Amino acid sequence: MTTAPQTAQTQAQPPVAPQKPHSYTRHGYTIQDPYAWLKDPKYPEVTDTEVLDYLKAENAYFEAQMDPHKPLIETVYEELKARLKEDDYSVPAKEGAWEYWWQYRPGAQYRDWYRKSASGGENELLLSEPELAEGLEYFRLGAIEASPDGKLLAYSADTNGSERFTLKVKDLGTKADLGFEIPGTIGEIVWSTDSKGFFYTLVNENWRPYVVKYHRLGSDVAQDPVIFEEADGGFFLGIDESQSKRFLLITTADHVTSEVHLVPLADPTARPLMVSPRKTGREYHVDEREGTLYIRTNDTHTNFRVVTASLDKPGEWKELIPGSDEHYIRDLTSFKNALVIEERLNGLDQIRVRDYVGNEHYVAFPEAAYTVSVDENREYELPSLRLAYESMVTPDTIYDYDLTKRQLVTRKVQEIPSGYDASQYETVRFMAQGRDGVQIPVSVVYKKGFKRDGSQPVHLYAYGAYGHAIPPGFSTARLSLLNRGFAYAIAHIRGGDDMGYQWYLDGKLKKRQNTFNDFVDAAKGLIKEGFASEGNISISGGSAGGELMGVVSNMNPELWRAVVAHVPFVDVLNTMQDESLPLTPMEWPEWGNPILDKTAFETIRAYSPYDNVEAKAYPPLLITGGLNDPRVTYWEPAKWAARLRATKTDDNLLLLKTNMGAGHGGKSGRFASLYEVAEEYVFILKAFGMAGTK
């Protein structure tokens, strides 16, 4: 029997999940899965009382173990909260006759959205998230888009963490919602030019965005015409608009192949124009300027190139910027007066600005190591380009880059009300030696005075999947560790695209083990460089980064003082064989299809954290999950925690916390989410024997 839920004061012992015989055979292997019962057969509804009782019992045990440390959790939480500006705001962004921005009220968990006339005037409240979120355990705004004529506001919201957004439209004259709603959307909204309707994307019962529809205001939602439907369950649809605001961009893609269709926003029910039919392994991304398509593609070079095409012959591509082994082309935007290209060179972000004659230059930035991206630029023709910039010691900074004068103008620097002196912190970047000869970049930040003799604590973070880089950015929360003597490191491992697209390819499918080896080798590099010592490194990662935490806990448990795995993708072998789950078909290009491919089955089986738990000592572990998570289902962390409890030989603390009213991102609200960070940090401090400190 599962241990019944208990109060934080009474539950001193961890709950024990029963083992129930369950096995299957594939490719000649028989897999034992004694915790398969934790998947509710009615999912996405979770009503099985035994499952719920077990999760609640684990939550009660979590509370019981953390309860003695509540004073320190509160202290850290107040530190984190004090670094947030209570009435923070965004820099207004001009679009047509209006300037738009968001702002927090002091003490509010969520934002208010405003606009005012670009020529001056009173602030107008468009939407109040605090009012929409009142009384809800979870709230997340999906999209907020004013109509081109400025009279209407379309918005979408998720109220349980399932990432199924309900779409509504508000009359900005009367401030009242129109009398309809569209549930089950992915959250995206694009208006037609005439402001009389909008495009949206629906998800199916498996949470896969599969169809784009157009709603004409005043018509029956049930009769909305289908603009585009994707038949392949492994491809997800997404919509956007071109920077010129002339076209709807419909992109259907998995992780390695994409296809784009265009619909004129002035003729919303026109037949979509396909730019070029999908070819397995080819990605391309499109923008439009004055009848010319600007396309970023990896068809001839791993690091992508830029080509152009005409609207009447969109599949005939002419090279504009060739691919390069050094310059990794990551994104492009074709403004009327400049083509802006986001790149990465030797792992460092770059912004290339090119006119349509062919003259180009790179934007110069004030630090040697930083991260920068194109920020919110709502208009087609720009006098200046808005950029978001930060480094491991420099808070978030919004620049407007004057395209004529080639100068950065600071519009906003993140305020830290409790105080922050950048001169008290240092950051370095070094290359760790990988076991196969690859040099792995590691970024480190610490407070001055940190002793590089291995005596002080180090926290190491990484992700390492889907070509998603972890840039060397700033974190106010991180200061609570730095100020307690930690160094904080980011391992830029393969599986991300930190060092180019090949860096990503070298950490997926059959090469997935490189990701895990790189992380361990980065940790050993921290030891070699004097930052850390064996067993004196805490580590964390989430989702696919949580998978990483599971693998390296199995591989090298002796290295880690504590492991934090957020919504970890740890039941990889089972999930990749379950075609009913939302992401599985789309994920096969990333992980492999173990149903059809024996080699993929063997590769995944060799590292899948849940399937490789062993009878040995593990470091303290904090594992989190979300009951409504459509990306990493709740039973993955639950099954892993249960098997660890039953198998490991140590007495180290193992905690499982499941958010019963949230999804992949944990609790919503800027302060509620900070409390979970405080709990994580205190768990780490406890593992280092520092929970008695302030």
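Two strands count as paired here if DSSP finds at least two bridges between them. In this predicted model, strand β9 (residues 165–171) just qualifies as a partner of β10, because 2 bridges join them and the cut-off is at least two. The two strands run antiparallel, and L167 has I182 in β10 as its bridge partner.

On to the next pairing of β10. This strand (182–191) also pairs with β11 (197–203), again in the antiparallel sense, this time over 4 bridges. Within that pairing, V190 sits opposite F199 in β11. β10 is mostly covered, with 8 of its 10 residues buried.

The turn from β10 into β11 deserves a look of its own. The hairpin has 5 residues between the strands, and S195 takes a positive phi near 65 degrees there. S195 does so although it is not a glycine. With a relative accessible area of 4%, S195 is buried, the cut-off for that label being under 20%. S192 is found in the loop between β10 and β11 too, and at 0% relative accessibility it counts as buried. What does S192 touch, leaving aside its neighbours within four places in sequence? Its contacts are P148, G197, F198, Y214, L265 and P268.

A second non-glycine residue with positive phi turns up elsewhere in the chain. E290 has a phi of about 50 degrees although it is not a glycine, and its place is the loop between β18 (284–289) and β19 (292–297). Is E290 buried or partly exposed? Its relative accessible area is 47%, so E290 is partly exposed; the label exposed would need over 50%.

Two other loop residues can be added to the picture. The peptide bond from Y43 to P44 is cis, with omega near 15 degrees, and P44 lies in the loop that runs between β2 (29–32) and α1. F139, for its part, belongs to the loop between α3 (129–133) and β7 (140–146), where it is buried at a relative accessible area of 3%. The C-alpha atom of F139 is separated by 17 Å from that of G625, a residue 486 places away along the chain.

Turning to sheets, 4 strands form an open, antiparallel one in the order β22-β23-β24-β25. Its edges are taken by β22 (327–334) and β25 (360–362), each with a single partner strand, so one side of each is left without a neighbour in the sheet. On average, neighbouring strands here are turned by 25 degrees against each other, direction ignored. At the β22 edge, the partner is β23 (residues 339–345), and the two pair antiparallel over 7 bridges. One of the residue pairs there places T333 opposite V340 in β23.

That leaves the helices. Two packed helices are described by the angle between their axes and the distance between the axes. For helix α1 (residues 49–66) and helix α11 (residues 635–647), the angle is about 65 degrees and the axes are 12 Å apart. That makes α1 roughly perpendicular to α11, a label that covers 65 to 115 degrees. The crossing of α1 past α11 is left-handed. On the α1 side, Y54, L55, E58 and Y61 make the contact, meeting A638, A642 and R645 in α11. Sorted by class, this contact of α1 with α11 holds 5 nonpolar and 2 charged residues, and no polar ones.

What about helix α6 (residues 513–528) and helix α7 (residues 544–555)? Their axes come within 10 Å and cross at roughly 70 degrees, and α6 and α7 are therefore roughly perpendicular to each other. The handedness of this crossing is right-handed. From α6, the contact draws on Q513, T515, F516, N517, F519 and V520, while α7 supplies E547, L548, M549, V551, V552 and M555. By class, the contact of α6 with α7 comes out as 8 nonpolar, 3 polar and 1 charged.

How values were computed
Residues are numbered from 1 along each chain as its sequence is written. This is a predicted model: local features need pLDDT of at least 70, side-chain atom pairs count only at pLDDT 80 or more; totals for chains, interfaces and linings use all residues. Side-chain values use heavy atoms; hydrogens and water are left out. Axes are lines fitted to C-alpha atoms, for helices over the stretch in contact, and angles run from 0 to 180 degrees between N-to-C directions. Angles under 35 degrees count as roughly parallel, over 145 as roughly antiparallel, 65 to 115 as roughly perpendicular and the rest as oblique. A crossing is left-handed if the near helix is turned anticlockwise from the far one by less than a right angle, and right-handed if clockwise. Contact means heavy atoms within 4.5 Å. Ala, Val, Leu, Ile, Met, Phe, Trp, Tyr, Cys and Pro count as nonpolar, Asp, Glu, Lys and Arg as charged, and the others, Gly among them, as polar. Buried means under 20% relative accessible area, exposed over 50%, partly exposed in between (1.4 Å probe, protein chains only).
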